[in-house]
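Trainee: Got a minute? I'd like to go through this one with you.
Mentor: Sure. Put it up and ask away.

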Amino acid sequence: MYRVALVAFHGIRAFDVSVITEVWGTDRAHRGVPSFELRRVATDITPIPVHGGLSLHPDRTLAWLRQADLILIPGLDDQLVPAPAPVLEALRRAHARGTTIAALCAGAFVLAQAGLLDGRRAITHWSLVDLLRTRHPRVTVVPDALFIEDRNIWTAAGTAAGIDLCLHLVRRAHGAETAATIARSMVTAPFRTGTQAQFIEHPTPRTDRDADTLAAVREHALRHLHEPLTVADLAAHAGMSPRSFARHFTAETGTTPLRWLLDQRLAAAQKLLERTDLPMPEVARRAGFGSEVTMRQHFASRLATSPRAYRAAFTTAPAPACVSEGAGSSPIAR
C-alpha cells in the first residue's frame, strides 16, 4: 500500500488539508483505484486548530515519516511564522533517506526554512513569489508554473494547483488511468501540465465568443489527435489567423497550442498503453505522434521513461483494441 504522510502543525491551511485528504484519503476501491494509507503526522497527537473553526486530529507522530513513500506539506495561513523545529529536522532526515516530498502553495516556505530548497527551483502562489525570493535568496523561484520538481522535491502554486500536483503525483506512482478516475470523482480536470502559467492578467473580454470558439477547437483536436494536426489547422478551424489564434489560445489556457497538443498526445498514449495491448507503432499513430521513435523521444523528455517501461509499470487488463476512427471519434477506446 502506498503510504502518504500529511505533515500537520499550527498554521496550515484547511483547503490544502482537504485537497490532500480528498485525493489520497478517500476509498475508491470500487472504481479500481488502489488503496492509499494516508496518515496525519505531527509532533504529537494533540488536536491542531485550523482556520475556520476546524480541528485536525493527528494519528501518527513524526517518527512515522520513516515509513512514508510520499510526504505532503499543506500551505500556510502566515508564511512568516516559523515551522516547528522538530518538523524541519524530520523533513531533512526524510529527504536524506530519499523520500519524495511535496509542498502545496505556501508550504514551499516550510521547505525553504528547512534548507531543502537551497539551490533548487521552486514555485509558490503567484502573490508570494517575491516574498519567497526575498526571504530565501538561495532558492531559484520560478514565477510561471503550476508545479515543478527538482531532485525529488515538488512545489506547487496556489489553491487549485495543489489539486494538479496531487493528481500528477498519483499519475507518476499509479498511472494516468488511476489519476483520471480520481479526477472524475472530484469533477476536476484530470490533466493540467505543471508548465502551464498559474496566473494570467488580462482584461475581461467584452464577449465570450473567442472563449467558446477555442473550447470547440480543443474538443475538435481531442477527437482528431490521431491526425497530423498543426497550429495552422486549428487556427483555420477557429476562423483565425495562426498568429491571432496562438495569442488567444495562450491567453485562454496559459500554454501554447503546440505544448497543449503534446500534453494531450502524451495523455492519450499513456491511456492506450494502460488500457490496450496495441503494438507501439499503433499506439504512436493513434496518439498522433506519427512514429514510435517520436513518441519514445517525448516520453523520455517529458516523463523520464520509455513507452515500454510505462506499459510494464501501469498496464491493466487488456481492453478491446478495435475502435472506429471516423468523423467525431476519439483515438482512445472508451
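Trainee: How do α1 and α5 run, roughly parallel or roughly perpendicular to each other?
Mentor: This is a predicted model, to start with. In it, α1 and α5 are roughly parallel to each other, because their axes cross at roughly 30° and angles under 35 degrees count as roughly parallel.

Trainee: Which residues does each helix cover, and within what distance do the axes come?
Mentor: Helix α1 spans residues 14-24 and helix α5 spans residues 160-174. Their axes come within 10 Å.

Trainee: Is that crossing left-handed or right-handed?
Mentor: The crossing of α1 and α5 is right-handed.

Trainee: Which residues meet there?
Mentor: From α1, V19, I20, V23 and W24. They meet G162, I163, C166, L169 and V170 of α5. By type, that contact of α1 with α5 has eight nonpolar residues, one polar and no charged.

Trainee: New topic. Where is L54?
Mentor: L54 is in strand β4, residues 54-56.

Trainee: And what does L54 touch, leaving out residues up to four places away in sequence?
Mentor: L54 touches A14, I48 and P49. A14 is 40 residues from L54 along the chain, with 7.8 Å between their C-alpha atoms.

Trainee: Why is L54 called partly exposed?
Mentor: Because its relative accessible area is 48%, and partly exposed covers values between 20% and 50%.

Trainee: What about H125, buried or exposed?
Mentor: H125 counts as buried, at 18% relative accessibility. H125 sits in the loop between β8 (121-122) and α4 (129-135).

Trainee: Which side chain does H125 make a polar contact with?
Mentor: The side chain of S127, at 2.8 Å from that of H125.

Terms used. Residues numbered from 1 in each chain as written. Predicted model: local features only at pLDDT ≥ 70, side-chain atom pairs only at ≥ 80, totals over all residues. Heavy atoms only, no water. Helix = DSSP H or I, 4+ residues; strand = E, 2+ residues; numbered from the N terminus. Buried < 20%, exposed > 50% of the residue type's maximum accessible area, 1.4 Å probe, protein only. Polar contact = N/O pair within 3.5 Å; in protein donor to acceptor, adjacent residues only side chain to side chain. Contact = heavy atoms within 4.5 Å. Axes fitted to C-alpha atoms, helices over the stretch in contact; angles between N-to-C directions. Left-handed = near helix turned anticlockwise from the far one by under 90°. Nonpolar A, V, L, I, M, F, W, Y, C, P; charged D, E, K, R; others polar.
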